[in-house]
Amino acid sequence: ATNPHRGVDCYVKLVCRKDEEDRVVGVHLLAPDAGEIIQGVAVAVKCGARKADFDDTIGIHPTVAEMLTTVSQVKIEGQEMK
């Protein structure tokens with residue numbers, strides 16, 4: 001994905017357990033300063049955050065990290081992406 005406000009290419013993926021109310025069990029992030037971003041995300045994952053928790057968070061704009069709060073495409077294992 002590209003953050004249109006910064007012109008930065010990045011890749012963000014939240015790995016969720018559908019059978020546990022979309023609990024986030026992993027995050028993939030390829031972006032500038034990913035190490036700084038992923039540290040904060042790791043705390044949320046360790047605390048049992050769900051996809052809805054990310055959705056309810058207001059992202060800091062304009063940043064790459066805000067893309068974690070707007071992930072909207074869904075890919076279920078064995079199925080086509082929605």
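**Exercise 1. Classify Asp22 by its relative accessibility, then do likewise for its salt-bridge partner.**

*Solution.* Start with Asp22 in this predicted model. Its relative accessibility is 24%. Buried residues fall under 20% and exposed ones over 50%, so Asp22 counts as partly exposed. Next, find the partner: the side chain of Asp22 meets that of Lys18 in a salt bridge, at 3.5 Å from N to O. Lys18 has a relative accessibility of 57%, so this residue counts as exposed. Finally, place Lys18 in the fold: this residue sits in the loop between β3 and β4. Look also at Ile76, which is 58 residues from Lys18 in sequence, with 8.9 Å between the C-alpha atoms of the two.

**Exercise 2. Find the partner of Glu20 in a salt bridge and the network to which Glu20 belongs.**

*Solution.* Take the pair to begin with. Glu20 forms a salt bridge with Arg23, and their closest N and O atoms are 2.5 Å apart. Now compare each with the cut-offs: Glu20 has 29% relative accessibility and counts as partly exposed, and Arg23, at 25%, counts as partly exposed too. Then widen the view. Glu20 and Arg23 are linked with Arg17 and Asp19 in a network of salt bridges. As a reminder of the principle, side chains of opposite charge can pair when their charged atoms come close. A search of the whole structure gives 6 salt bridges.

**Exercise 3. Explain which parts of the chain the salt bridge of Glu21 and Arg50 ties together.**

*Solution.* Check the distance before anything else: the side chains of Glu21 and Arg50 meet at 3.6 Å, N to O. Glu21 lies in the loop between β3 (11-17) and β4 (23-30), and Arg50 in the loop between α1 (34-46) and α2 (51-55), so the salt bridge ties together parts that are 29 residues apart in sequence. The two ends have their own accessibility classes: Glu21 is exposed, at 63% relative accessible area, while Arg50 is partly exposed, at 27%.

Now examine the hairpin around Glu21. Strands β3 and β4 run antiparallel and are joined by 7 bridges. Lys13 stands opposite His28, a residue of β4. The hairpin has 5 residues between its strands, and Glu21 takes a positive phi near 55° there.

**Exercise 4. Test whether the length of α1 fits its number of residues, and identify its buried residues.**

*Solution.* Helix α1 has 13 residues, which at 1.5 Å a residue should span 18 Å. The end C-alpha atoms are 18 Å apart, so the two values agree. For the second part, the buried residues of α1 are Ala34, Ile37, Val41 and Val45. An α-helix has 3.6 residues a turn, so residues three or four places apart point the same way. Keep that in mind while looking at what covers the buried residues of α1, which includes β4 and α2. Just after the helix, Gly48 takes a positive phi of about 85°.

**Exercise 5. Describe the largest nonpolar core and follow the contacts of Leu14.**

*Solution.* The largest nonpolar core has 17 residues. Within that core, Val12, Leu14, Val27, Val41, Phe54 and Leu68 touch the most other members. At least two residues of the core come from each of β3, β4 and α1, and α1 gives the most, with 4 residues. Then follow Leu14 outward. Beyond its neighbours within four places in sequence, Leu14 has contacts that include Val27, Phe54 and Leu68, as well as Lys51.

**Exercise 6. Decide whether Lys51 is buried or exposed, and trace its link to Asp55.**

*Solution.* Lys51 is in helix α2. Its relative accessible area is 15%, so Lys51 is buried. Leaving aside neighbours within four places in sequence, Lys51 is in contact with Leu14, Cys16, Asp22, Val24 and Val71. Here Asp22, from the opening exercise, appears again.

Now turn to Asp55, which is also found in helix α2. A polar contact of 2.3 Å joins the side chains of Asp55 and Lys51. Asp55 is partly exposed, at 38% relative accessible area. Outside its neighbours within four places in sequence, Asp55 is in contact with Thr69 and Val71. Asp55 and Val24 are 31 residues apart in sequence, and their C-alpha atoms are 12 Å apart in space.

Note on methods:
Residues are numbered from 1 along each chain as its sequence is written. This is a predicted model: local features need pLDDT of at least 70, side-chain atom pairs count only at pLDDT 80 or more; totals for chains, interfaces and linings use all residues. Side-chain values use heavy atoms; hydrogens and water are left out. A salt bridge is a side-chain nitrogen of Lys or Arg within 4 Å of a carboxyl oxygen of Asp or Glu. Buried means under 20% relative accessible area, exposed over 50%, partly exposed in between (1.4 Å probe, protein chains only). A nonpolar core is a set of buried Ala, Val, Leu, Ile, Met, Phe, Trp, Tyr and Cys residues joined through side-chain atoms within 4.5 Å. Contact means heavy atoms within 4.5 Å. A polar contact is a pair of N or O atoms within 3.5 Å; within protein, one must be able to donate a hydrogen and the other to accept it, and residues adjacent in sequence count only if both atoms are side-chain atoms. Two strands pair if DSSP finds at least two bridges between them. The expected span of a helix is 1.5 Å times one less than its number of residues.
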